[in-house]
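Trainee: I would like to go through this structure with you, one question at a time. Where should we start?

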Amino acid sequence: GEGEGGGEGVARPVETVQLPAEDLAEAFPGLCAEGEASLSEERFALLLALHMVVVKESALTDGAGVKGSSTLRRLELDELVEVTRGPLRECSAGMLRVRVRALRDGAEGWVTTVGNAGTVFLRESSRRFRVLREGEVTEAFEPDGAAGSEEAARRLKPGEELEVQEWPRREPASGSLRMRVRAAEDGAAGWVTFVDSQGAALLKAL
């Protein structure tokens, strides 16, 4: 069935994909953090996490169903969220709903991805982002930690394209969201501020 409980308890075969050893050897180094030869369980989970970007403002609610749910807050255009459950089809309204965690403030709740008339509110985020404002790529996760680095930080120009290597997480000291990226122009890799401490986005998902 397509209800909220549809598919639960039904065993589905797991597809096994086998890749040639040479393909794995080529792909693996690109998944590891700079200077590391192994892939931690935490980093592997981050790479697999599904992220979506808001393309039309929508309500984040406390319940999976639309009826009887309370609005926690509005999800703003271009916000990035991590999907933690779903999608589920809301039977009465015919909407697709997912449970998400908003990266901007950690708020968790349910949101409609596709409305009953086909309106798209959220889409899957690609790993490519465009720079909106000048910034810099640093070796250290903590912005202040890069200040004493012998190697100057790589400056970013508006319009540049970046590829995500590690999705955003909050930097405790500044409160900003930082993510690890690689610049398309020259391959420079490091940490960049995605949303600053004032809530302003420096990057936009493509």
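Mentor: Start with Asp78, in what is a predicted model. Asp78 has a relative accessibility of 35%, and it therefore counts as partly exposed.

Trainee: Where does Asp78 lie, and what is its phi?

Mentor: Asp78 sits in the loop between strand S3 (71-75) and S4. Its phi is positive although the residue is not glycine. The value is near 75°.

Trainee: Which residues does the cis peptide bond join?

Mentor: The second residue of the pair is found in strand S4 (residues 80-90). Omega of this bond is about 10°. The bond joins Gly86 and Pro87.

Trainee: In the open sheet of 5 strands, which strands stand at the edges?

Mentor: The order is S13-S12-S11-S8-S14, with antiparallel pairing. An edge strand here has a single partner strand, so one side of it is left without a neighbour in the sheet. That applies to strand S13 (189-195) and strand S14 (203-205).

Trainee: How many bridges join S11 to strand S12, and how many residues lie between them in the hairpin?

Mentor: S11 and S12 run antiparallel, and Arg170 has Leu177 in S12 as its bridge partner. In the turn, Gly175 has a positive phi of about 85°. The bridges number 6, and the residues between the two strands also number 6.

Trainee: What is the bridge partner of Arg130 in S11?

Mentor: Strand S8 (residues 128-131) is joined to strand S11 (residues 161-170) by 3 bridges. The two strands run antiparallel. The partner of Arg130 is Glu161.

Trainee: What is the bridge partner of Arg180 in S13?

Mentor: S12 and S13 run antiparallel and are joined by 6 bridges. The partner of Arg180 is Trp191.

Trainee: Which strand gives the largest share of the largest nonpolar core?

Mentor: This core has 20 residues, and Met179 and Phe129 are among those that touch the most other members. S8, S11, S12, S13 and S14 each supply at least two residues. The largest share is 4 residues, and it comes from S12.

Trainee: Why does this core lie between two domains, and which are they?

Mentor: Both domains give residues to the core, so it lies between them. They are domain 1 (51-124) and domain 2 (128-205).

Trainee: How many residues are in the other core?

Mentor: This core lies apart from the one just described. Among its members are Met52, Leu60, Phe121 and Leu122. The number of residues is 12.

Definitions and conventions:
Residues are numbered from 1 along each chain as its sequence is written. This is a predicted model: local features need pLDDT of at least 70, side-chain atom pairs count only at pLDDT 80 or more; totals for chains, interfaces and linings use all residues. Side-chain values use heavy atoms; hydrogens and water are left out. Two strands pair if DSSP finds at least two bridges between them. Buried means under 20% relative accessible area, exposed over 50%, partly exposed in between (1.4 Å probe, protein chains only). A nonpolar core is a set of buried Ala, Val, Leu, Ile, Met, Phe, Trp, Tyr and Cys residues joined through side-chain atoms within 4.5 Å. Domain bounds come from an automatic or database domain assignment.
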